[in-house]
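Reader: I have not looked at this protein before. Please take me through it step by step.

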Amino acid sequence: MGWEREWDAPEYTELASTDYSFQNYNDALRRLDDYQRLSDEAVRLYNELPENYRPAFFELIGYQALASYQMNRKFLMAQLNRELLAEGKVEQANWAARQSELAYDSIASLNHRYNTQLDGKWNHMMTLAPGWVAKYQNMPEVTYTKGKGETPVDLSLRPEQDKLERCTLVDLTRYHIKSASGHTLRLVKGLGYDWNILQLGEATESLADPTSPSAPQIEYELPQIDADSVTVHVYSLPVFPIYKGRGTRFGISIDGQPVQVTNNVPVEYSKSWKDHVHQNITLIYKYEHT
C-alpha cells in the first residue's frame, strides 16, 4: 500500500494507486473482502474470550487484523475515488473518498486503543508516524465534489470477473522434470504471488548453459489454445545475483522451438529495481511464439 518512494524523483514521492484492479479478476475487491473477513473473525474471537484475556488478544492478534483491514481500505478507497472521478461518477467518488477518510480515522482510533489498554501498559509500542523512508501513515489524496451527494458502491465480488479470457495461468506445482543434470530443481512454498516458486538450482552448484541439450529441463503442459500465437510471461522474485556474472538466467522453448535465453541482472536503486521491490516480483521474460 502507498507505492511511494521517499527521497526519490518528485513524481515518485507521493502516495499513489496500487496495482490492484477494481475492473479485472476481482483483484482489489477480493483483497478487501479477505481483509474484512480476517477483521470480522478477530472481532468475533475477541468477543468470545473472557474479559481478562481480551487485552492480550488485541495486542497480539486483534490490532493487526483490524488495522491491516483499515490500511487497505484507506488506500484502495482513495484509489477508487480517483478512478470513479475519472469516469464521471461523482456521487460514487464522493462516497469512496469518505470511506478512505473513515479508514484513516479508524487506524488512529485503533492505535489509541492499543496504547491505552491496561492503563497504558503498551503505550507508544504501536505508532504510525514517522515511518522510515515511507509515507504509508499519511492520508492519501482524495477529491470531493461539492454540491453532490454520496452514492455507495457495491464492493461485493463479481463472479464474471473471475473468468480468465484469452489467458491461462500455469500451475507451477504441476511440473515434470525431464533432466536435472546435477542441479537442484524444486518447488518452494510460501513465496510468489500464488505462494509457489520454482527454484532453478542452488547457489553452490555450477552454472548451466540453457541452450545445451544436456541442460536441466522442466516441462509444463499448456492447455489447448485456439490461437495462431501465444505470449508467455515469466516472473521472478526480485533477487540480486550473488556475485558478478550470476543472475536469474534460463531458457524457454515452446513446441520444440529454438531456446530463447534471458538473464535478469538488476541495477540497485534504478527505477525498475525500486518498482520490482514494491511489487515483489520481476517480469523478466516475455516469449512470443507463432
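Author: What follows is a set of questions and answers on this predicted model.

Reader: Which pattern do the helices and strands of the protein follow along the sequence?

Author: The model is predicted, and its secondary structure comes to 4 helices and 8 strands. Read in sequence order, these elements give the pattern α-α-α-β-β-β-β-β-β-β-α-β.

Reader: What percentage of the residues in the protein is buried?

Author: The C-alpha trace spans about 65 × 45 × 45 Å along its principal axes, and the exposed area is about 18500 Å², with carbon and sulfur atoms supplying 52% of it. A residue counts as buried under 20% relative accessible area. Of the 290 residues in the protein, the buried share is 32%.

Reader: How far apart do the centres of the positive and negative side chains lie?

Author: The protein has 29 positive and 39 negative side chains. Each set has its own centre, and the distance between the two centres is 2 Å.

Reader: Is asparagine 26 buried or exposed?

Author: Asparagine 26 lies in the segment before α1, which covers residues 27-48. Its phi is positive, about 55 degrees, although the residue is not a glycine. Most residues other than glycine have a negative phi. With a relative accessibility of 0%, which is under the 20% cut-off, asparagine 26 counts as buried.

Reader: Is histidine 124 buried or exposed?

Author: Histidine 124 is placed in the loop between α3 (90-116) and β1 (176-179). Its phi is also given as positive, near 75 degrees, in a residue other than glycine. The relative accessible area of histidine 124 is 66%, and the cut-off for this class is over 50%, so the residue is exposed.

Reader: Which residues does alanine 28 touch, not counting those up to four places away in sequence?

Author: Alanine 28 lies in helix α1 and, at 0% relative accessibility, counts as buried. One residue to look at is leucine 76, which is 48 residues away in sequence but 7.3 Å away in space, C-alpha to C-alpha. Leaving out residues up to four places away, alanine 28 touches Tyr20, Ser21, Phe22 and Leu76.

Reader: Which residue in β3 stands opposite leucine 187?

Author: Strand β2 (residues 185-189) and strand β3 (residues 196-200) run antiparallel and are joined by 5 bridges. They form a hairpin with 6 residues between them, and glycine 190 in the turn has a positive phi of about 95 degrees. Within this pairing, lysine 189 stands opposite asparagine 196. Opposite leucine 187 stands leucine 198.

Reader: Is leucine 198 buried, exposed or partly exposed?

Author: Leucine 198 lies in strand β3 and touches, among others, Leu172, Tyr175, Ile218 and Tyr220. Its C-alpha atom is separated by 8.5 Å from that of threonine 173, 25 residues apart along the chain. The relative accessible area is 23%, which falls between the 20% and 50% cut-offs, so leucine 198 is partly exposed.

Reader: What share of the contacts in the protein with a separation of 6 or more comes from residues 24 or more positions apart?

Author: The pair alanine 28 and leucine 76, in contact, is 48 residues apart in sequence. Such a pair belongs to the group with 24 or more positions between its members, and this group accounts for a share of 67%.

Reader: Which residue in β7 is the bridge partner of phenylalanine 250?

Author: Strand β6 (residues 248-252) has a covered face made of Thr248, Phe250 and Ile252, while Arg249 and Gly251 are on the uncovered face. β6 pairs with β7 in the antiparallel sense over 5 bridges. Phenylalanine 250 is thus named on the covered face, and its bridge partner in β7 is threonine 262.

Reader: Which backbone nitrogen does the side chain of serine 270 reach?

Author: Serine 270 is found in the loop between β7 (260-264) and α4 (271-279). The residue is buried, because its relative accessible area of 18% is under the 20% cut-off. At 3.2 Å, its side chain reaches the backbone nitrogen of tryptophan 273.

How values were computed:
Residues are numbered from 1 along each chain as its sequence is written. This is a predicted model: local features need pLDDT of at least 70, side-chain atom pairs count only at pLDDT 80 or more; totals for chains, interfaces and linings use all residues. Side-chain values use heavy atoms; hydrogens and water are left out. Helices (H or I, at least four residues) and strands (E, at least two) are DSSP runs, numbered from the N terminus. Buried means under 20% relative accessible area, exposed over 50%, partly exposed in between (1.4 Å probe, protein chains only). Contact means heavy atoms within 4.5 Å. Accessible areas come from the Shrake-Rupley method with a 1.4 Å probe; for residues, only the protein chains shown count as cover. Lys and Arg count as positive and Asp and Glu as negative; His and the chain ends are not counted. The place of a charge is taken as NZ of Lys, CZ of Arg, CG of Asp or CD of Glu. A polar contact is a pair of N or O atoms within 3.5 Å; within protein, one must be able to donate a hydrogen and the other to accept it, and residues adjacent in sequence count only if both atoms are side-chain atoms. Two strands pair if DSSP finds at least two bridges between them.
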